[in-house]
Number of protein chains: 2
Amino acid sequence: MRIGELSRNTGVSVPTIKYYVREGLLPPGELTSPNQATYGEAHERRLQLIRALLDVGGMKVAEIADVLAALDDPERPLHKVLGAAADHLSNGGVEHDDAESAAARAVVADLISRRGWRTNESNPAATDLSKALAAMDRLGHGAFVEVLDDYADAAEQVAEADLRYVDRRVAVEGMMEAVVVGTVLGEAVFNALRRLAHVDASAQLYGTDGSQERKTS
Amino acid sequence: MRIGELSRNTGVSVPTIKYYVREGLLPPGELTSPNQATYGEAHERRLQLIRALLDVGGMKVAEIADVLAALDDPERPLHKVLGAAADHLSNGGVEHDDAESAAARAVVADLISRRGWRTNESNPAATDLSKALAAMDRLGHGAFVEVLDDYADAAEQVAEADLRYVDRRVAVEGMMEAVVVGTVLGEAVFNALRRLAHVDASAQLYGTDGSQERKTS
DNA sequence: AGAAGCGGATAGCGGCACTATCCGCTATCC
DNA sequence: GGATAGCGGATAGTGCCGCTATCCGCTTCT
């Protein structure tokens with residue numbers, strides 16, 4: 001397959017494919033002459049993965065490059081790949097160091113120990129959680145912590161479902177990718193489901209119909 | 001309070017505050033002379049809200065402007081504000097029209113009717129969900145639908161917790177904001193919890209410790 | 001032979017969230 | 001009452017990001 005066909009099959013423009021190759025997201029095609037190359041099914045799949053992580057998962061190109069490098073490295077242990085993927089879902093940014101942040105960190109530490117989670121507070125997810133809770137506290141929504149355990153229950157269920165799914169595909173060669181896809185796209189799936197459930201729950205409570213008027217911008 | 005103090009109190013630079021005013025995120029200060037103005041606590045709170053939606057919620061400035069305009073409009077009914085906020089968590093983009101997308105839409109429609117959710121398929125969240133499932137299908141993870149109901153169960157629980165939280169603060173004037181904050185920041189909270197739970201669940205399964213080595217980029 | 005397509009390289013674009021600079025004015029300190 | 005710091009308002013510029021446009025000389029198809 002040549003680049004034009006690859007482009008047609010995936011809906012990704014030729015210059016964009018070239019760009020992905022330059023950025024190391026996609027391996028170059030196999031050269032048949034000094035300036036001709038062919039691409040295989042692996043390239044097609046890889047392109048689909050890139051577009052999914054980009055469009056659905058909202059990851060950045062550079063982050064995707066990291067994760068794919070980890071995926072391609074056969075020496076990389078599973079939990080490192082997971083770490084690479086999860087890290088990139090983190091929103092980065094800098095943490096305040098005010099009273100609310102300190103309180104939020106304490107809440108998170110308590111939550112982790114209370115639930116017996118085998119992780120520690122240096123986990124980027126824990127930092128993100130602290131930041132979110134601190135922001136809520138600053139906004140006068142400190143009481144949100146009262147529903148944290150409901151959230152954590154649901155999170156555990158989802159995590160178990162994820163693991164069950166990954167574990168089901170015993171083929172080891174696909175497992176790494178399944179973890180990445182499950183983590184990143186699973187997040188998008190859950191967020192969409194949550195918003196759907198919100199509409200229903202609020203309809204139940206406030207008696208509106210669930211239809212969404214589109215804004216006339 | 002003058003703009004410098006507002007800046008110091010919130011950690012947002014003076015030019016950035018001016019920028020937010022220009023973009024309509026923040027109302028201008030009250031003029032005491034033709035070119036002097038003072039800001040109150042409302043401005044401080046509003047700035048915190050802006051930063052939270054921006055940094056933690058990952059929203060864009062223009063989207064925040066929309067949501068805040070909806071919040072400020074006393075005529076705007078609750079569910080419209082919710083719609084405005086939820087819409088902006090949508091990833092936008094264009095939907096393919098291939099076999100996987102059609103199948104995904106069918107799965108979503110089925111899910112909605114099976115769970116009796118009072119919403120319809122034109123809801124942007126439903127579109128997002130279809131897109132995510134279609135992407136998974138294209139990647140050979142069509143079997144992910146098998147855990148969709150586990151996800152939906154958890155999503156319902158979270159949505160109920162959200163509603164319970166919002167409903168608890170009977171004060172109507174804060175309710176709108178509570179909905180927005182709960183929807184947007186709640187998403188960040190849940191995603192972080194899910195990643196924490198992942199680490200624990202995979203530790204349980206694969207016997208690694210849960211510590212996260214930081215990448216040495 | 002001619003046209004279309006290719007690989008590779010470099011430069012440019014549009015969107016976004018700021019940031020820098022300048023202006024004339026004002027509040028404040030001494 | 002004069003210096004100085006800060007102010008409101010406006011305009012232009014910056015850095016990053018994900019592409020996109022253009023050009024080159026070469027190959028493949030017809």
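How many residues of the surface near DNA strand C are nonpolar, how many polar and how many charged? I put this first in my notes on this predicted model, and I counted nine nonpolar, eight polar and six charged residues in that surface.

Entry on strand C. I looked up what surrounds DNA strand C and found 23 residues, with I3(A), G4(A), S33(B), N35(B) and L54(B) as the closest. Of the strand C atoms that come within 4 Å of the protein, 73% are accounted for by sugar and phosphate. I then went through individual side chains: a polar atom of S33(B) lies 2.7 Å from a phosphate oxygen of strand C, an N or O atom in the side chain of Y39(A) is 3.4 Å from a phosphate oxygen of that strand, and K18(A) places a polar side-chain atom 3.1 Å from a base nitrogen. Both protein chains take part, since at least two residues each are supplied by α1 (3-10), α2 and β2 (36-38) of chain A and by α2 and α3 (41-56) of chain B; the largest share, five residues, comes from α2(B).

Entry on strand D. Here I noted 23 residues around DNA strand D, of which Y20(A), S33(A), L54(A), I3(B) and G4(B) come nearest. Sugar or phosphate holds 72% of the strand D atoms within 4 Å of the protein, and the rest belong to bases. A polar side-chain atom of S33(A) lies 2.9 Å from a phosphate oxygen of strand D, while for K18(B) I recorded 3.2 Å between a polar side-chain atom and a base nitrogen of this strand. The largest share of the surface near strand D, five residues, comes from α2(A).

Entry on helix α3 of chain A. I checked the span of this helix, residues 41-56, and its 16 residues reach 22 Å from first C-alpha to last, close to the 22 Å expected at 1.5 Å a residue. Among its buried residues I listed H43(A), R46(A), L49(A), L53(A) and V56(A). Just after the helix, G58(A) takes a positive phi of about 70 degrees.

Entry on the largest pocket. I read off about 1,200 Å³ of space in the largest pocket, and of its 44 lining residues the closest to the centre are G57(A), G58(A), E187(A), G57(B) and G58(B). G58(A) therefore appears in two of my entries, by its positive phi and by its place in this lining. The lining divides into 15 nonpolar, 14 polar and 15 charged residues.

Notes: Residues are numbered from 1 along each chain as its sequence is written. Chains are lettered from A and ligands numbered from 1 in the order in which they are written. This is a predicted model: local features need pLDDT of at least 70, side-chain atom pairs count only at pLDDT 80 or more; totals for chains, interfaces and linings use all residues. Side-chain values use heavy atoms; hydrogens and water are left out. Helices (H or I, at least four residues) and strands (E, at least two) are DSSP runs, numbered from the N terminus. The expected span of a helix is 1.5 Å times one less than its number of residues. Buried means under 20% relative accessible area, exposed over 50%, partly exposed in between (1.4 Å probe, protein chains only). On a 1 Å grid over the protein atoms alone, a cavity is a set of points where a 1.4 Å probe fits but cannot get out, and a pocket is an open set with protein on both sides within 12 Å along at least five of seven lines; lining residues have an atom within 4 Å of a point. Grid points are joined across faces, edges and corners, and a volume is the space filled by probe spheres set on the points. Ala, Val, Leu, Ile, Met, Phe, Trp, Tyr, Cys and Pro count as nonpolar, Asp, Glu, Lys and Arg as charged, and the others, Gly among them, as polar. A residue is near a molecule or strand if one of its heavy atoms lies within 4 Å of it. A polar contact is a pair of N or O atoms within 3.5 Å; within protein, one must be able to donate a hydrogen and the other to accept it, and residues adjacent in sequence count only if both atoms are side-chain atoms.
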